Amino acid sequence: MSSARPPNPGRKPRLDAAAICAPGLEDLCAAELTALGCKPRPSGSGVVEFGANARQLYGANVWLRTAARVVVRVATFRATDFAHLQEHASAVDWSSWVPDGHAPRFRVSTNDSKLYHTKAVAQRLHQVSLPPSIGEPEQLFVVRIERNTVTISADASGEALHRRPWRADTGPAPLRPNLGAALLLATEWDPTTDLVDPFCGSGTIGIEAALLAAGRPPGGERPFAFHDWPTFEPGSWASVVASIETSIDAAERADRGSILLADRDRAAVDATLANADRAGVADRIEVARQVVSHLGARPGPGLLATNPPYGRRLGRDELGGLYGRLGAVARERLPDHGLAVLTTDAALARAVDRRLRARLRFRHGGLGVQLFHRPAVGPGRGEAVEPSAAATDGTTGDEASSVEPPVEAC
């Protein structure tokens, strides 16, 4: 049985949407959607489904910090051969999603289905969707065939949401901004308190923190695929734009802590400064070129949040010493700060502080990455962890290798 849901501007139905995120970030993404007034529902690995009106759909694209893409379900039906596929696909109102002069593009994945040839599926969908169109721009449709059930979704985002416009300067293996945002949300960092990152790399964690504190959307002012849809609602979009202005105004009146970013590498410092300037938050951060051992004392509440090196260029002994030094500096100079460390190895996290506990787990680039967190506990409390005698300072931050969450999962 076919189920197609093209939008109808006359009665403005709720859209069946889904946010795509890195597996492991579903709960954080769902919490963001709830804050936007949506009702997310469990949907599987890397997918959070939700119902939305046009304003909520637009707002999700603008405000979601942990998502990589937002899609809208166009149709769901069963098909065991190409005849069934073309019959049901012919009933879809493709013109509701593809503007004049645009070409549909189909990204197909299959699992345990009789229709397993992805290129052939895409070709059949091209044949029944719209009259042929050449070149760009394109409207992406994500097609998932799972046990002979076909789900077609229209991409509402365009450029992937984690590809922030401000992020032009990066170092080796940079941390994706949506993972930096996930760290901040998972640890419930309070923007009225300080944040310190002594291995800042290209500044991802700190810039995401500054955007959050400034009440700014993660992607700034950028176009989305839904802007070109024939069913685009200018009034709903104007309401979202007004919410951005309101958020920024409220943040300007609120108290805020300081954000200190540091790295021993000059290129990393320069990249951080350039990225912060493009993001419009250069006035909200302080950037220093220094090793972790030179981090100054900072009294008061806050969070030390960082993504130190974990093995590509440093040996095991060097890493143990580096993490131990990080822990010693945190205890001695930031006694009232919480700790948040992204790393691949629980033993390295314990070298920083034995009270660190895993909060998030995800895989990127073949590596199992974890966020280890300890809330602020105040000075002189908890276990002391002695740093290795071979303590040395590392050279880079933003080390987490990652890949774009698979939109095929939706």
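Why is helix H6 (residues 204-213) largely enclosed by the rest of the structure? In this predicted model, 9 of the 10 residues of helix H6 are buried, so the helix is largely enclosed by the rest of the structure. The buried residues of H6 are Thr 204, Ile 205, Gly 206, Ile 207, Glu 208, Ala 209, Ala 210, Leu 211 and Ala 213, where buried means a relative accessible area under 20%. The helix is followed by Gly 215, a residue whose phi is positive, near 70°.

A comparable description applies to strand E13. Of the 7 residues in strand E13 (residues 337-343), 7 are buried, so this strand is likewise largely enclosed by the rest of the structure. In a regular strand, the side chains alternate between the two faces of the sheet. Both faces of E13 are covered, with His 337, Leu 339, Val 341 and Thr 343 buried on one side, and Gly 338, Ala 340 and Leu 342 buried on the other. Strand E13 is also paired with two other strands: strand E12 (residues 302-306) runs parallel to E13 and is joined to it by 5 bridges, whereas strand E15 (residues 367-374) pairs with E13 in the antiparallel sense, over 5 bridges. Within these pairings, Thr 306 has Val 341 of E13 as its bridge partner, and Thr 343 has Gln 370 of E15.

The open spaces of the model were examined next. Rolling a probe the size of a water molecule over the atoms shows where empty space is left. The largest pocket holds about 400 Å³ of space and is lined by 21 residues, among which Glu 138, Asp 155, Gly 158, Glu 159 and Ala 225 lie nearest its centre. Strand E6 (103-111) and strand E7 (138-146) each supply at least two residues of this lining, and E7 gives the most, with 3 residues. By residue class, the lining of the largest pocket comprises 10 charged, 6 nonpolar and 5 polar residues.

The second largest pocket contains about 330 Å³ of space, and of the 17 residues that line it, Arg 216, Pro 217, Gly 219, Gly 220 and Glu 221 are the closest to its centre. Helix H7 (234-253) and helix H8 (266-279) each contribute at least two residues to the lining of the second largest pocket, with the largest share, 5 residues, coming from H7. The lining of this second pocket divides into 11 nonpolar, 4 charged and 2 polar residues.

How values were computed
Residues are numbered from 1 along each chain as its sequence is written. This is a predicted model: local features need pLDDT of at least 70, side-chain atom pairs count only at pLDDT 80 or more; totals for chains, interfaces and linings use all residues. Side-chain values use heavy atoms; hydrogens and water are left out. Buried means under 20% relative accessible area, exposed over 50%, partly exposed in between (1.4 Å probe, protein chains only). Helices (H or I, at least four residues) and strands (E, at least two) are DSSP runs, numbered from the N terminus. On a 1 Å grid over the protein atoms alone, a cavity is a set of points where a 1.4 Å probe fits but cannot get out, and a pocket is an open set with protein on both sides within 12 Å along at least five of seven lines; lining residues have an atom within 4 Å of a point. Grid points are joined across faces, edges and corners, and a volume is the space filled by probe spheres set on the points. Ala, Val, Leu, Ile, Met, Phe, Trp, Tyr, Cys and Pro count as nonpolar, Asp, Glu, Lys and Arg as charged, and the others, Gly among them, as polar. Two strands pair if DSSP finds at least two bridges between them.
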